[in-house]
Amino acid sequence: MKKIFLTTFLIIVFTSVFVSAGVSEENGCDESIIFSTVEISVGSANDSLAAYQIDITYDKEKVKILGLEGGTEGFNEPPFYDRAGFEGGRIIIAAYVDNDSNAKKGMTRVARIHLQTKGCPSCPLKTTMMAAAKPGGKEIPVEIEVSLLER
């Protein structure tokens with residue numbers, strides 16, 4: 001009887017140690033904490049980009065936004081955002097150039113986001129363009145590019 005109890009106890013201890021080590025049995029994904037950086041770029045083919053607004057969603061159980069920086073080409077300052085979006089699963093970022101001469105054509109990095117990710121999602125952020133405009137405020141078609149820099 002004591003051998004059965006001891007064997008059962010050891011199986012439970014080893015199982016709990018294995019599970020708490022952070023290995024998910026469903027997908028074989030390591031559940032460790034990873035710090036990474038994501039760059040968000042907006043491409044305006046024929047028009048200069050003067051303003052944008054992007055909706056970014058993520059799994060709040062696995063991803064936490066640690067910081068948000070600006071980009072280049074007139075979008076050097078961090079975009080406007082709600083601080084609650086750092087942990088809420090959704091953040092909306094927006095910015096505009098302070099001078100129309102700073103609005104550039106082509107692909108422009110508009111933000112850099114620093115993340116803490118639990119596990120290994122292949123693309124931790126999903127982006128949706130809400131609005132983009134050229135100088136004067138007329139809406140323009142653009143594309144969003146998300147680049148994972150560090151892993």
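This briefing covers the fold, strand pairing, largest pocket and selected residues of one protein chain. The model is predicted. The protein chain has 151 residues, of which 33% count as buried. Its secondary structure comes to 1 helix and 7 strands, and the pattern along the sequence is α-β-β-β-β-β-β-β. Of the contacts between residues at least 6 apart in sequence, 79% join residues at least 24 apart.

**Open sheet**

- Four strands form an open sheet in the order β3-β5-β1-β7, and the pairing is antiparallel.
- The edge strands of this sheet are β3 (63-69) and β7 (143-148), each of which pairs on one side only.
- From one strand to the next, the twist averages 30 degrees.
- Strand β5 spans residues 104-118 and is joined to β3 by 6 bridges, with the two running antiparallel.
- In the pairing of these strands, Lys64 stands opposite Gln116 in β5.

**Strands β2 and β4**

- Strand β2, residues 51-57, pairs with β4 in the antiparallel sense over 7 bridges.
- Ala51 has Tyr96 of β4 opposite.
- Side chains alternate along β4, which covers residues 90-96.
- On one face of β4, Ile91, Ile93 and Ala95 are buried.
- Arg90, Ile92, Ala94 and Tyr96 point to the other face of β4 and are not buried.

**Largest pocket**

- The largest pocket holds about 170 Å³ of space.
- Its lining includes the run Gly74, Phe75, Asn76, Glu77, Pro78, Pro79 and Phe80.
- The lining residues also include Ala94, Ala95 and Tyr96, which belong to strand β4.
- Asp98 and Asn102 are also among the residues that line the pocket.
- By class, the lining has 7 nonpolar, 3 polar and 2 charged residues.

**Ser41**

- Ser41 is found in strand β1, which spans residues 33-49.
- Ser41 counts as buried because its relative accessible area is 9%, under the 20% cut-off.
- Leaving out residues up to four places away in sequence, Ser41 touches Met107, Thr108, Arg109 and Val110, as well as Glu143, Ile144 and Glu145.
- Among these contacts, Met107 lies within the residue range of β5, and Glu143 lies within that of β7.
- Both β5 and β7 stand beside β1 in the strand order of the open sheet.

**Pro135**

- Pro135 is found in the loop between β6 (126-133) and β7.
- With a relative accessibility of 30%, Pro135 counts as partly exposed.
- Apart from neighbours within four places in sequence, Pro135 is in contact with Ser48, Ala50, Asp100 and Ala103.
- One of these contacts, Ser48, falls within the residue range of strand β1.
- Pro135 and Val97 are 38 residues apart along the chain, and their C-alpha atoms are separated by 8.9 Å.

**Glu73**

- Glu73 has its place in the loop between β3 and β4.
- The phi angle of Glu73 is near 50 degrees, which is a positive value in a residue other than glycine.
- Glu73 is partly exposed, since its relative accessible area is 40%, between the cut-offs of 20% and 50%.

Conventions:
Residues numbered from 1 in each chain as written. Predicted model: local features only at pLDDT ≥ 70, side-chain atom pairs only at ≥ 80, totals over all residues. Heavy atoms only, no water. Buried < 20%, exposed > 50% of the residue type's maximum accessible area, 1.4 Å probe, protein only. Pairing = 2+ DSSP bridges. Contact = heavy atoms within 4.5 Å. Axes fitted to C-alpha atoms, helices over the stretch in contact; angles between N-to-C directions. 1 Å grid on protein atoms, 1.4 Å probe; cavity = no way out; pocket = protein on both sides within 12 Å on 5 of 7 lines; lining within 4 Å. Points joined across faces, edges and corners; volume = space filled by probe spheres on them. Nonpolar A, V, L, I, M, F, W, Y, C, P; charged D, E, K, R; others polar.
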